[in-house]
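Reader: I should like to learn how burial, contacts and disulfides are to be read from a model. May we work through a case together?

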Amino acid sequence: MSAIAMIEQVSENSDLEKDAVNSLAATVKACALYPPNHSIPSESFNRCLVSLKRVLSSGASFQISITKDGIYVSETKIYAPARQDDPLWFPLFRDGIVSVEFKTNLSPSELQRLIDIICKHGSLNAESEGDIATELWGSALSGITYRAVDTLFDMKGFDAGSFKINPHGVSKDVILESTPYNGFLNASPKSKDILRLTDADTALLKELIDHDNKRDKDADLADVLISTLDNSEDIADCNHLMPFIAQEFCVSLSDGNLHLSVKMLRAVLEADLKFPGSNLLNGAFWTAVNKTQLTQVLRTAITTIKSPHVPALKEVLSSIHPDVIHNLADCLESISAKHHAFVIDTMVVLSSKSLAQFERLLNRENTYIQKIAITILGMSPKIEAIKILQKAARNPSESVRYNAVLQLIKLKAIPPDKVYHLLNDRSTGVREKLLSYLSMEKSKINEGLLRNFLENSDGNIHPVDLVDYYMALGKCGSDESIPYLSKRLLNNPLTALVRKETRIHIKGAAIALLNIGTRDAKEVLSKAARSYTPWVRAAYKRALESKYASDIV
Amino acid sequence: MPQTLSETTPMAGDRIAPGHFLESFLKVTLTLQLYSETSALTKKFMVEFLQALEALSKTDQETAIKVHDGRLFYQGEKVQPGRSNQKIVKKTIEFLAERKLSGLRFFPALAVKNQNQWPSACRILYRCMRESDPPAWAQEQLSSSGVLWLDLITSDSPDANPSEIPEAAEQQPSAEGNSLRVEEAKNAYAHTLEALKEISQIVSLERPSGIRKILRTVQGMIDLIMEDDFVLLGLSTIKDYDDYTYVHSVNVAILSISLGTRIGLKKEALETLGICGIFHDLGKIKIPLEIINKPERLTDQEYNEVKKHSLNSVRMMLRLRAPRTLLQEILLGPFEHHQKYDLSGYPASTGKASLSLYGRIISIADVYDALTSPRIYRTDSISPPQALDLMIRKSGKDFDPVLLKVFINMLGVYPIGSLLKLNTGEYGLVVKTENNSDPFRPKVLVLEKTSDKQWKKRLLVNLSELNRSTGSYKRDIVGSYHPGLAGIQPSEYIL
């Protein structure tokens, strides 16, 4: 062959090799993008197979080397990755595949397997330990071989002399002086029978292997972790186990293996008892739980649970760290009404352990969750709950304040010193609720509060609401307020000429007196009816009308 | 080094040179194909053959020539083809191949007495080539002619393979393939050991460690074992006092993978099993060396400390950067390896019905290797057969009885690396227990002591070989020793 012919031949071979690798890359890409039955990956695969077969037709195998900057054949770069996450080069390089060799006996199914493996691992971003090399090894492809970084054995070689068999440094003549062992197996005539594998043995072996293939690996792992935790005497050892227990806990919940979840939680709680400063482990366990994952897991568990397992799930959730309330609250947003009751029930159970989480729920911007939290706080018998509600009554959120006040009213737990700021609340709803609460019945305390508030809040109350305050005072009030109301009604006729607010006070005082309804109150009102100033008389008249109207209602 | 055989000189010391005997035999046989026994040439060659037989009869009761793997063996020794005998060796191999024979066995004394049978015997050997089953036809003809001084060895014969050949000679036949495999196995062993040490050091510092290197080495070991477990089982006889835990772990991995292979586990399961074996004693590095190497009996407190190692192994394995699916598989074996078949061991089992398959396998491999490893606290070294004896007594209690049976069948009653005393006064190191052969009669490497008290390889013998004249075995086993007792590291001799 002439030199020119040889050059042409080499060039042609190089083109074929380039074509083969490029078509392999295209196929990997197509397989990653399209479903398996799509025509594009299928056509691409056929092209790739043809290209590779063309290279292999020379009778020699075809080896590609994967380096940090591309794919080489011998020392020629034949494929440069288009980008860092190139679908062919990246997974091979990342997983430490140094070379791939296609043999002349390459079959289509083997090529497909290689492509499937690359696609499967190509989608992983993090370095994976269950990697391409292991999959290729497991697949035992006769037409494709590979070398991986760690199979290159860059460590020191075998040194037979480095092994010391005898610790005693015995003389080599010892053997001549000692009696050789001639025991049971050698001496017994029955040994052969003992060692013979019978059909029954073979059947047992098969059964053992079958049984082992079916064993519950999750349960086994949980048992190992629990047993290790049980036997840990050091808090650091226990803490080290927590991420694994947390992970298995989430897996068991997600798979509906609630008995395992319960088992693991109990183990954590029991282990906690071993160490002073309780709940250290549960805290560590909770820290280790992936919260995003947990919400998803809980959502699945709650929505798929079958009724016999409900108590188990409740036990799990009520045993878990109280912070799970936040995950449950997250679940509330995306589950059907049917499952709400279960979640809320669980949250109520959890409230008996800790209320701090409910206080934090109030900071969420979700009014529904806030309302649920306040409702549950309202159900709690703990004083801490009332304190949280009282604090919530000053929450920036109008809704929180409103619901908190509502609960406080229900609990009759609004202390006098907390009333002032509520009477001044920006929210009409809050104010209305409070006034309605204060005016529910005759109460000297409420009367005093309202009267005091009215006396000291000149100019601070919106004129629209002022009448409501007087009405509330009237409903809960008594003759004790008559001097104040009489003064408001009758003593400022001239000021009322210039100040609209004074006129409203007059109107309010008339309404309050009418609601007090005592003889003394009526006397004051009769004075108002006879007043020489028209707006006092008018106030009396409007009070009568509104009273009449509300009575009818 | 293989023993050198004199190639051309008729006599080397007291023995006749194989080249000379073969040449005289071929000459007489081939001449008789062409000429009558009365021809001068035939007579000349018959005299030469007679001289060779007479010389032989003084030293050997029988003389065997065999072909194995394309190599010629004379009296069990490989005939090294040299410049002068190359042609004879080639011709002899062709002679046997044309007749579909693996070899011939001569009884020289008988042959000398029955010279009159030579022509007919040689003609039978010539004519048989035309028959459809040359060995069967020839054997029948020889028998009917009353020829007792010549035996035909066929591939079916129990002694078709060289049974008594110097150890180096047996390795030669498969020199290239076998030595490559041995090198690969040695590398795999060394690298697994190194990788294990590396990982142990990292996790003992409570740092996470990758597992990929160990995966690769275990995968390599599995490939080797699936091909032929002999080499790695040979390496598993390595014992090391200083690095006991690491060497023991690699040995347990090899033994476990081999046992797994025997019971037909798939590659992926073998991989898991291998990793279980490698890491089963990882927790031992947390035990103070004073306890591990304490010559006296351990106190209760010290023993309790030792008992923590299974769980410590689990704890340390949790520092491996392994995917959950792999971790899920590999923790159980190390966790269970001291729990015992009847669950009476440690750590105490809670509510478990039985040990997993991996736990059962690892516990067998672990105890076997531990028993056969010389330890400072054990003054009496336990020989491999003795270890198996001890184990079989605990079958059904400590060990799964069926798996233990498979294990013993795999290793043989005299496992590879056992040092045997023979009734001939010789010492033999077990090098192989052939599949399907008598597990009580392995192949051993006869060792002899040199003047400087070193053990030297002398002869490879198959203990199932019979003495033709008496019908009894040529050699019997008197008993076994731990090779460490003689300072022997078996792998140095076996591979």
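Reader: Does A:Cys331 count as buried or exposed, and at what relative accessibility?

Author: The model is a predicted one. Burial is judged by relative accessible area, with buried meaning under 20%. A:Cys331 has 0% relative accessibility, so this residue counts as buried.

Reader: How many disulfides does the structure hold?

Author: A disulfide is a covalent bond between the sulfur atoms of two cysteines. Over all chains, the structure holds zero disulfides. A:Cys238 is in none, and the nearest cysteine sulfur, which belongs to A:Cys250, is 19 Å away. For A:Cys331, likewise in no disulfide, the nearest cysteine sulfur is that of A:Cys250, at 12 Å. The cut-off for a disulfide is 2.5 Å between the sulfur atoms. A:Cys238 also counts as buried, with 0% relative accessibility.

Reader: Turning to chain B, where does B:Ser363 lie?

Author: B:Ser363 belongs to helix 18 of chain B, which spans residues 357-372. The secondary structure of this chain comprises 21 helices and 13 strands.

Reader: Which backbone oxygen does the side chain of B:Ser363 reach?

Author: The side chain reaches the backbone oxygen of B:Arg360, at 2.9 Å. B:Ser363 has a relative accessible area of 4% and is therefore buried. Apart from neighbours within four places in sequence, B:Ser363 contacts B:His337, B:Asp398 and B:Phe399.

Reader: What share of the residues of chain B counts as buried?

Author: Of its 495 residues, 60% count as buried. Chain B exposes about 19600 Å², of which carbon and sulfur atoms supply 49%.

Terms used. Residues are numbered from 1 along each chain as its sequence is written. Chains are lettered from A and ligands numbered from 1 in the order in which they are written. This is a predicted model: local features need pLDDT of at least 70, side-chain atom pairs count only at pLDDT 80 or more; totals for chains, interfaces and linings use all residues. Side-chain values use heavy atoms; hydrogens and water are left out. Helices (H or I, at least four residues) and strands (E, at least two) are DSSP runs, numbered from the N terminus. Buried means under 20% relative accessible area, exposed over 50%, partly exposed in between (1.4 Å probe, protein chains only). A polar contact is a pair of N or O atoms within 3.5 Å; within protein, one must be able to donate a hydrogen and the other to accept it, and residues adjacent in sequence count only if both atoms are side-chain atoms. Contact means heavy atoms within 4.5 Å. Accessible areas come from the Shrake-Rupley method with a 1.4 Å probe; for residues, only the protein chains shown count as cover.
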